[in-house]
Amino acid sequence: QVQLVESGGGLVQPGGSLRLSCTASGNIFNINNINWYRWYRQAPGKQRESVATILSSGRTMYEDSVKGRFTISRANAENTVYLQMNSLKPEDTAVYYCYGHAGSVEYWGQGTQVTVSS
């Protein structure tokens, strides 16, 4: 089994930055089978949406509203995926979830709250 644990959320002023982390723990064989990771977010009253994806090749993809502001990266040796968020806006306020895809198996973290407010 694999657990994904997010950290790094919090309260930040508009224009500020946060870095979210998602660390995988558990069965190392299963962790190594995770071939891509994605960050999702869900704001109150809204559907969960994809924010950023990183493939095992290193290729990255972003939702249009975060392009140029957010950067997804991974540290394979640490089994960790990051989401660097810059120039944050109030509309970025949401619970951010880490997701890992390994064939037919999906892993979700518990979520971390990001609040952008003055």
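Begin with the open sheet of this predicted model, in which 4 strands lie in the order 1-3-8-7 with antiparallel pairing. Select strand 1 (2-7) and strand 7 (70-75): these two stand at the edges of the sheet. Each has a single partner strand, so one side of each is left without a neighbour in the sheet. Then view the strands together and follow the twist, which averages 15 degrees from one strand to the next.

Next, display strand 1 with strand 3. The two run antiparallel and are joined by 6 bridges. Within this pair, select E6, and look across to strand 3, where C22 stands opposite.

Keep C22 selected and show its side chain. To which residue is C22 joined by a disulfide? The partner is C98, with an S to S distance of 2.0 Å. A disulfide is a covalent bond between the sulfur atoms of two cysteines. The count for this model comes to 1 disulfide.

Now trace where the two cysteines sit along the chain. C22 belongs to strand 3 (residues 18-26), whereas C98 belongs to strand 9 (residues 94-102). The pair lies 76 residues apart and thus links distant parts of the chain.

Zoom in on the S-S bond itself. The torsion about the bond between C22 and C98 is about -75 degrees, so the disulfide is left-handed.

Finally, switch on the surface and inspect both cysteines. Are they buried or exposed? Residues under 20% relative accessible area count as buried. C22 has 1% relative accessibility and therefore counts as buried. C98, at 0% relative accessibility, likewise counts as buried.

Methods
Residues numbered from 1 in each chain as written. Predicted model: local features only at pLDDT ≥ 70, side-chain atom pairs only at ≥ 80, totals over all residues. Heavy atoms only, no water. Disulfide = S-S within 2.5 Å. Buried < 20%, exposed > 50% of the residue type's maximum accessible area, 1.4 Å probe, protein only. Pairing = 2+ DSSP bridges. Axes fitted to C-alpha atoms, helices over the stretch in contact; angles between N-to-C directions.
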